[in-house]
Amino acid sequence: MSAAEVSRAGLTDDLPPYPGLDLDRIILVEGEAALAAAADALRAAAVIGFDSESKPTFRKGEESTGPHLIQLATDDHAWLFQVANAEAHPLLREILESPTLLKVGFGLGNDRSALKRRLDIVPRNLLDLGEKLRGPGHRGTVGAKVAVAHFFGLRLQKSKKTGTSNWAARRLDERQLRYAANDAHVALCLYRAWRAAHPDA
């Protein structure tokens, strides 16, 4: 696969905002019915968006206990799994370790190591768009903000306050739900846009 040569040139503050998923398409998976619906949707997909969130560490030497939230997105919904909910672990293992279901996201190296450490899950068939979209003139990996500006001409708004909030909390607020859901869902949207622009990649 070739790089898409995405650059920061189009990343400006005057771009229209990226809308993201509506709240009614963001499902926090709690209870048997939600878990069954998530299983059906994820098993039926060929590719899904993937990300995770962890409660931040602030003290030097403090070891992260994350991930605390795992986000899996289909075209229509984002499914959010709190890691404290052990009932979801078998499905998470099935989906993340599936060799046939493609999982796409940004900066997946940390997710991979954290999942192995916390849940003994070894994800398979991952595609890190941050690495795949990097052009020859781009140092480091491409972030979702740059990719959204490049492919959609929109500005992905990511609140640092929300990003560093307590993802281990029993109750997540609306800002956290939207932030987490769109991290996974936008990766899937960008993957589809990239493949449409580079069908031979």
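This report walks through the aromatic pairs and salt bridges in the structure above. Keep in mind that the model is predicted.

**Aromatic pairs**

Three aromatic pairs turn up in the structure. One of them is Tyr-18 with Phe-152, a stacked pair whose ring centres sit 6.1 Å apart, with 15° between the planes. An angle under 30 degrees is what counts as stacked, so 15° earns that label. This pair links distant parts of the chain: Tyr-18 belongs to the segment before β1 (26-28), while Phe-152 is in helix α5 (residues 144-152), and 134 residues separate them. How buried or exposed are the two partners? Tyr-18 is buried, at 14% relative accessible area, whereas Phe-152 comes out as partly exposed at 29%.

Another pair is Tyr-191 with Trp-194, and here the rings are tilted: 6.0 Å from centre to centre and 55° between the planes. Both residues lie in helix α7 (residues 174-197), three residues apart, which is about one turn of the helix. Tyr-191 is buried, with a relative accessible area of 10%, and Trp-194 is buried too, at 0%. Trp-194 has a charged neighbour as well: Arg-195 lies over the face of its ring, 5.8 Å from the ring centre.

**Salt bridges**

As a bit of background, side chains of opposite charge can pair when their charged atoms come close. Searching the whole structure gives eight salt bridges, including the ones in this table.

| Basic residue | Acidic residue | Closest N to O |
|---|---|---|
| Arg-170 | Glu-30 | 3.4 Å |
| Lys-116 | Asp-120 | 2.6 Å |
| Arg-175 | Asp-173 | 3.4 Å |

What does the bridge between Arg-170 and Glu-30 tie together? Arg-170 is in the loop between α6 (160-163) and α7, and Glu-30 is in the loop between β1 and α1 (32-44), so the bridge joins parts that are 140 residues apart in sequence. On the accessibility side, Arg-170 is exposed at 57% relative accessible area, while Glu-30 is partly exposed at 39%.

For the bridge between Lys-116 and Asp-120, both partners are partly exposed: Lys-116 has a relative accessibility of 44% and Asp-120 one of 43%. In the bridge with Arg-175, Asp-173 counts as partly exposed, at 33%.

**Pulling it together**

Two of the contacts described here span long stretches of sequence: the stacked Tyr-18 and Phe-152 pair, with its partners 134 residues apart, and the Arg-170 to Glu-30 bridge, which ties together parts 140 residues apart. The Tyr-191 and Trp-194 pair, by contrast, sits within helix α7.

Note on methods
Residues are numbered from 1 along each chain as its sequence is written. This is a predicted model: local features need pLDDT of at least 70, side-chain atom pairs count only at pLDDT 80 or more; totals for chains, interfaces and linings use all residues. Side-chain values use heavy atoms; hydrogens and water are left out. Rings of Phe, Tyr and Trp (its six-membered ring) pair if their centres lie within 6.5 Å; planes under 30 degrees apart count as stacked, over 60 as edge-to-face and the rest as tilted. Helices (H or I, at least four residues) and strands (E, at least two) are DSSP runs, numbered from the N terminus. Buried means under 20% relative accessible area, exposed over 50%, partly exposed in between (1.4 Å probe, protein chains only). A charge sits over a ring if NZ of Lys or CZ of Arg is within 6 Å of the ring centre and within 35 degrees of the ring normal. A salt bridge is a side-chain nitrogen of Lys or Arg within 4 Å of a carboxyl oxygen of Asp or Glu.
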